Amino acid sequence: MIKNREKRIRRMKRTNVWIFILAYIVISLLGIGVSMLMMMFTDEYVVNSKIAKEYSKVEKMTGVYSGLRKLGTDEGAVKDLISGSFESFAVLDKDGKVKFGSNYDGLGEYESYFNLEGIDSNIRLYRSDDNKIMTVNEDHRITTTGDLQSVISYLVHSLNEEDLEKAHSVVSEQSENDQGVELYQVTVDSTADPDDESDVDTEKILEMTKIISKKFTLPLWLGCEAESGDIVVVRCPVEINTYDLAVYIGIILSFYLIFYLLFLVFIITIIVTLVNQRINLNLYFTDTITRLPNRNMFLYNGEKLVRKRRNLNKTYAVVSIEFMKYNNFCLCHSMKEGEDVLTKMHKILRSNMVRGEIAAHMTIAEFALLVNYNSQEDTEERIRKILKQMDDIDPDHSFIFHVGIKVIPSAQETPEDPRRKDFDLEIEYNNACTARISLDDKDDTKINFFDDKLIEEQQWEDKILENQNRAVENEEFVVYYQPKYDPNTDKLTGAEALIRWDSPSLGFVSPGRFIPQFEKSGFITEIDHYMLSHVASDQKKWLDMGYECVPVSVNVSRAHFIENDLAEQIRDIVDKAGAPRHLIEIELTESAFFDDKNALIDIINRLKEYGFIVSMDDFGSGYSSLNSLKDIPLDVLKLDAGFFSGDISDDRSGIVVSETIRLAKSLNMKTVAEGVEAREQVEFLAAKGCDMIQGYYYSKPLPGNEYEQKMEKNS
Ligand code: C2E
Ligand code: CA
Ligand code: CA
């Protein structure tokens, strides 16, 4: 139970914050990944495309360089030629040493050269045998002629962006040509594909940004390896404009923005979750009527409090307080007023609590306290003072409270559970309730402390409840007969039917252990019917067997008297069994006479009319019902066994007994003395004119077969 409660509360306290954090981390990582990809793409797109263009120039130049070297052109001429196209360059040998170049001071700062992959080189250069040079286009047509220098110059100068993009491969190898020209191959780049849209876009963008933005230049050296193994390194001014930067910054900013928004959503979700959790917990712990702590709070916090290490040596008291007749109060006033009173009571209870004590509203008219305990007297006094304050809420009204208290001993006093690990406040509260419920005087404020006997009683009650119906079905209830004798003649003149429970699970149980509970639960009516029909059947059987039957009295509980047709029910049961009505006596307890007197008189009259004998049981045991005697037409008065517990011959109860016998006689009633055990008592009663004696002196209650032996046979 306690585990379930804790689980429930833990579940309520648990937030999905971790899920949110995890989701946030995953999304962030994804975002970082995507943004890096985007930046790489942009980098590729913006920078690499620019570098690629520059590189293609360098590559072409390297091709030219290779061609010139093959032609045997000297370094000086080559240097001049390259200088014509590139302001800063250097030609390095295989070991990376500068062979020659111009304005290459900044080169040393770079340790590696930029290389691009995937660039084809396919413009070729030819030389005729008379040292004349011509270039050949795709259609193998000579487009340029002239000396080597002028052709190279033409080529290099023609290497502007547009040409490069348009440029495509030229001519296959081979020397034979109509004019007998000797062909040399010089590799020149033609990266750009004129059909490539991205290039076209780049162009457009470049055009636009030229107008709208400033440019700045990356100091970049690009190198390309010539056929000879030399490396031509050229300073390429790669231009980056603010548009490119804007794209960069835009991408980064938009990702920052997304993260920021995500973060906001994340924070808001956590806040909303925490607020909801608080609201739920508050609802869970708050009473709907008094708006103060409720049962959940009492059990959860109370248990934690008692189990705290520093409280282990404290003794506590769990108190259950019921505001009695709360429903009546609401009926006479209103529900609203009733709830107001409950709220005021709860406030008073709370104001009386000190630190480390709890007051809660449990159910409709029930409160619970967990308070420190010193002694039974102190606790009782304290509770009475609190109840007094609660009673003072309405000066016109006197409130009644029933209080049950269960003491929780300190851990020292419970060596079997020194850490209070097995402590369950719900069980202890239930024990306090048991102590409260066992109070039966509903008209007075009462306090009852729990003791272990109450548990036994409750367990016993539970067992009875569990078994009672089956017991009727299985006829586990047995009728015992206690004979009644005439003290003058010692003749059997009657008997009382007394129930016994021969239960396979509970053993042989006497009525004192179950009748009071049956009376409480109402099951007694069933039992009385059972007894009546069994007694009637027995009487019929014995008559048939030829026994001289005497009237047998059957106890009928007061619970029956709310049934208007009780007399008819009894008549029908007896008739059904076939027993003569005059052989059945109905015993009513004295307490029955305090209910609706007129209804009772009516029932008794009818019973007598039908031919039954009616007697009053336990006369003199409770309140005096002398007054009832004058109105109620009874046949027999059964003097309570309490009169015969001591010596009656010379004490006051003897006087009461003899006067009662006299009174009964004058009212035309017979008398039966119950619980008579001694011979002197029998003699005394005989002398005073008592008609019958039922007691151990003559006989204990007997099972049917033994009782048979007490009856005489006529046949
Ligand atoms: P009761 O009706 O007053 O029954 C008399 C009780 O006194 C019986 O106890 C009987 O055994 C006992 N008794 C008789 N003579 C003596 C004696 O000389 N000395 C002592 N010490 N006791 C004597 P029992 O049978 O245990 O019944 C107890 C009560 O249970 C009865 O009191 C009656 O109130 C109730 N009860 C028994 N059977 C029934 C029943 O069938 N229906 C109802 N409604 N109540 C029953
Ligand atoms: Ca009786
Ligand atoms: Ca009795």
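A polar contact is a pair of N or O atoms within 3.5 Å. With that in hand, the ligand site of this predicted model can be read atom by atom. One such pair joins ligand 1 to N555: an oxygen atom of the ligand is 3.3 Å from an N or O atom in the side chain of N555. Nitrogen atoms of ligand 1 take part as well. One is 2.9 Å from a side-chain N or O atom of Q482, and at I499 the partner is a backbone N or O atom, with a nitrogen atom of the ligand 3.1 Å away. As for how much of the ligand is covered, ligand 1 taken alone exposes 780 Å², and the protein buries 78% of that.

Next comes the setting of ligand 1, which sits in the largest pocket. Around the ligand there are 20 residues, and Q482, R500, D528, E677 and Y696 are the ones that come nearest. So Q482 turns up twice, as one of these nearest residues and as a polar contact partner through its side chain. By type, the shell splits into 9 nonpolar, 4 polar and 7 charged residues. Three elements each bring at least two residues to the shell: strand β14 (491-503), helix α15 (524-545) and strand β18 (613-619). Of the shell's residues, 4 belong to β14, and that is the largest share.

Then there are the calcium ions. The calcium ion that is ligand 2 is held by four donor residues, E496 (OE), N555 (OD1), E587 (OE) and D617 (OD), at 2.1 to 2.3 Å. N555 therefore does two jobs, giving its OD1 atom to this ion while its side chain also lies 3.3 Å from an oxygen atom of ligand 1. Along the chain, the donors of ligand 2 follow the spacing E-x58-N-x31-E-x29-D. E496 belongs to strand β14 and D617 to strand β18, so this pair ties together parts of the protein that are 121 residues apart in sequence.

The calcium ion that is ligand 3 is coordinated at 2.2 to 2.6 Å by D617 (OD), D618 (OD) and E674, with E674 listed twice through OE. Its donor residues are spaced D-D-x55-E in sequence. Here D617 lies in strand β18 and E674 in strand β20 (residues 670-674), so the two tie together parts that are 57 residues apart in sequence.

Which residue bridges the two calcium ions, ligand 2 and ligand 3? It is D617, and the ions lie 3.8 Å apart.

Notes: Residues numbered from 1 in each chain as written. Chains lettered and ligands numbered in written order. Predicted model: local features only at pLDDT ≥ 70, side-chain atom pairs only at ≥ 80, totals over all residues. Heavy atoms only, no water. Near = heavy atom within 4 Å. Polar contact = N/O pair within 3.5 Å; in protein donor to acceptor, adjacent residues only side chain to side chain. Areas by Shrake-Rupley, 256 points an atom, 1.4 Å probe, with all protein chains shown as cover. 1 Å grid on protein atoms, 1.4 Å probe; cavity = no way out; pocket = protein on both sides within 12 Å on 5 of 7 lines; lining within 4 Å. Sits in = over half its atoms within 2 Å of the grid points. Nonpolar A, V, L, I, M, F, W, Y, C, P; charged D, E, K, R; others polar. Donors = N, O, S within 2.8 Å, 3.2 Å for Na, K, Ca; no water.
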